[in-house]
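Open the model in your viewer and keep the selection panel at hand. The tour goes from the whole chain down to one turn.

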Amino acid sequence: NCAAGTFSFAAATTCCNCAAGTFSGAGASTCGNCAAGSTSSAGASACTVCPAGSSVTSNTCSACTAGKFSLAGSTTCSTCPADTFSLADASTCTNCPAGQISTAGSSSCWCPPGSSLQLGSCVPCTLR
C-alpha cells in the first residue's frame with residue numbers, strides 16, 4: 001500500500017507523489033483534485049483552504065491586491081465598491097470616512113472636488 005499523498009496504479013509496485021493541486025489518502029490508486037479555493041504541494045495528503053484576503057493563482061494562495069478583497073476559500077478577489085477601500089491582503093472593504101469618497105477598486109479615499117482635507121475632515125474650499 002502507498003502512503004497518504006502518493007498513489008500507485010493497479011499492478012504497479014512503486015508509489016508516486018500526487019502532483020501539486022491534488023491529494024490522496026493511504027492506499028490510493030489515484031489522486032483527487034483540491035476543491036476550488038484550496039491548494040496543495042506535491043505529495044500532499046490533504047488540501048489547504050486559501051485564507052481570507054487571498055485567492056488561488058497557479059495552485060498558490062496569492063494575496064489580493066489593494067482595492068480588492070476575498071473570503072477564505074475564494075477562487076478570485078472581488079473589487080471593493082465605490083466609497084470603500086482596501087489595502088492588499090484584505091478580507092473586507094472599509095467604508096470611507098464621513099465626507100470622503102472613492103471609486104470602485106480604490107486603495108484609499110479622498111475629499112470630493114471643491115473641498116480639501118483639514119484636520120481629518122473634508123472642508124469646502126472658499127474663494128477669497
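What share of the area that the chain exposes do carbon and sulfur atoms supply? Show the surface of this predicted model. The chain exposes about 7,500 Å², and 58% of that comes from carbon and sulfur atoms.

**Whole chain.** Switch to the C-alpha trace and align the view to the principal axes. The trace spans about 90 × 15 × 15 Å along them. The radius of gyration of the chain is 23 Å, whereas a compact globule of 128 residues would have a value near 14 Å.

**Burial and contacts.** Colour by relative accessible area. Of the 128 residues in the chain, 28% are buried, with the cut-off set at under 20% relative accessible area. Next, draw the contacts with a separation of 6 or more. Residues 24 or more positions apart account for 16% of them.

**Secondary structure.** Change to cartoon. You will find 14 strands and zero helices. Follow the sequence and the pattern reads β-β-β-β-β-β-β-β-β-β-β-β-β-β.

**The hairpin of S13 and S14.** Select residues 115-118, which form strand S13, and then residues 121-124, which form strand S14. How do these two strands run, parallel or antiparallel? S13 and S14 are antiparallel, and four bridges join them. Zoom in on Leu117: its bridge partner in S14 is Cys122.

**The turn.** Stop between the strands, where the hairpin has two residues. Pick Leu119 and read its backbone torsions. Its phi is positive, near 55 degrees.

Note on methods. Residues numbered from 1 in each chain as written. Predicted model: local features only at pLDDT ≥ 70, side-chain atom pairs only at ≥ 80, totals over all residues. Heavy atoms only, no water. Pairing = 2+ DSSP bridges. Rg over C-alpha atoms; globule rule 2.2 N^0.38 Å. Buried < 20%, exposed > 50% of the residue type's maximum accessible area, 1.4 Å probe, protein only. Contact = heavy atoms within 4.5 Å. Areas by Shrake-Rupley, 256 points an atom, 1.4 Å probe, with all protein chains shown as cover.
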